[in-house]
Amino acid sequence: ELIKALFLNSSNFDKNEVNHLKLRQQEMASEWDNIEYTLQNDEFWLFLNEKGYNPQTRIDLIFKLICDQNKFGLDEKQLKEIGDDEYRTFRYFYELFKGKKKNIDACWKCVKDYFRIFSEWYNDLEIYHYVGFLIACKEGSLETFVKLWEGASDKKSFEGKLKDRIQNIIEKCPPLDAQYKEDGSDKRKCKPILLFHNIQTVINQNANNLKNDKYQMGVFYKFPFHLFKLEEWDVEHINSNTTNPENDVGTQKEWLLNVYLGADSGTQESIKKYFEVDEDEKRKIFESVKKMFPEKNDWSRKEKNRIWNYTLLDSGTNRGYGNAIFSGKRRVIIGKDKGKLIPIPEFDGNGKIQIGEEKNAKSSFVPLCTKHVFMKYYSTTMNDPNYWTKNDAEGYLKNIEDCIKKLLERINKFSKVTE
């Protein structure tokens, strides 16, 4: 607001144009409000910024950028005098206007130019996703990308510079056939690849749609960086990393709870009875249900800890369904995509199962590739819906590899898992 008062001060305008002064002030105030209104949209704001950065007025972002870059060439003495506290940006413009080095039109044009740049990025299919990805991965600040833009000969040159930075991120990640620790302590190292897979998938699908004459209106689906940043995201196992031997009542209960979400209504009734009958009946019911869900033993613990068995999921949903089998997780994901939170069955104080009611979810955002995983989108054949098989995993891995190769022609370390 202090900077706004500086810009709208009548002394900044030509005294010989008194008749146009009020009109010029109104025009600038209207443009100012429009910029602020746009930046108040979290979808726009969190594409450019990290969660937690929220100045009182968001147009401060542009003024701070101008100040940090010293766009109007204040000398070293002036820069030292403006200090480095919260009013530094205000004092930069105060010093600038006091010295009459630049007229108000040049300063305001610079503000609008930066806003135009951000708007152009936001409305471009590839730049939006690549800049958003790089900022989300903390691979450079907004100022870094502004400088890249200003130093590029054209838009294609800028895109090339962004792709070079993305390549650097991907190459720092473990290769696609990497073996992660069984305790999951290092699986987050592949998070940039999983995020990149999502944004490149969105880019590819939009590009294909825009080739169709029916979709030539320039509208495209955007990866919602604002939702991605507002939630906490885990690298989650698709096929559970743990197995239960089911040798005792305790582990049988846990297995049945996990199975429950993926079972039909008749089987669900049988599972409920398990928690109400004696030991003899428990054994019979468990064996009966177990036959409906034959164990898949072709995954080793090492194989479960590779990228082909990982996907991105918000931590709330991830921790909510725990080690449920694939079909149980699938049902939770479908519910979340519909904006519903499907509760995980729990035991009451007497050891009986309790089924809660579905509730509206705070956010229904599920990353595109996570949905694809649980819909078995990458599978060459539709096999057992209750399990994530190696055939499914190989198709998923191949798609990740294809997305990387589509962007990065020189990569050779990301080879398909052949074991």
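The following questions and answers introduce a predicted model.

User: On what basis are residues numbered and values computed in this predicted model?
Analyst: Residues are numbered from 1 along each chain as its sequence is written, and side-chain values use heavy atoms, with hydrogens and water left out. Local features need pLDDT of at least 70 and side-chain atom pairs count only at pLDDT 80 or more, while totals for chains, interfaces and linings use all residues.

User: What percentage of the residues of the protein count as buried?
Analyst: Buried means under 20% relative accessible area, with a 1.4 Å probe and protein chains only. The protein has 419 residues, and the buried share is 49%.

User: How are α8 and α11 oriented, roughly parallel or roughly antiparallel?
Analyst: Helices are DSSP runs of H or I with at least four residues, numbered from the N terminus. Helix α8 (residues 125-136) packs against helix α11 (residues 191-210) at about 175 degrees, with axes 10 Å apart; the axes are lines fitted to C-alpha atoms over the stretch in contact, and angles run from 0 to 180 degrees between N-to-C directions. Contact means heavy atoms within 4.5 Å. Angles over 145 degrees count as roughly antiparallel, so α8 and α11 are roughly antiparallel.

User: Which residue in β2 stands opposite H237?
Analyst: Strands are DSSP runs of E with at least two residues, and two strands pair if DSSP finds at least two bridges between them. Strand β1 (residues 233-237) has 5 of its 5 residues buried, so β1 is largely enclosed by the rest of the structure. Five bridges join β1 to the antiparallel strand β2 (residues 310-314). Opposite H237 in β2 stands Y310.

Methods. Buried < 20%, exposed > 50% of the residue type's maximum accessible area, 1.4 Å probe, protein only. Parallel < 35°, antiparallel > 145°, perpendicular 65-115°, else oblique.
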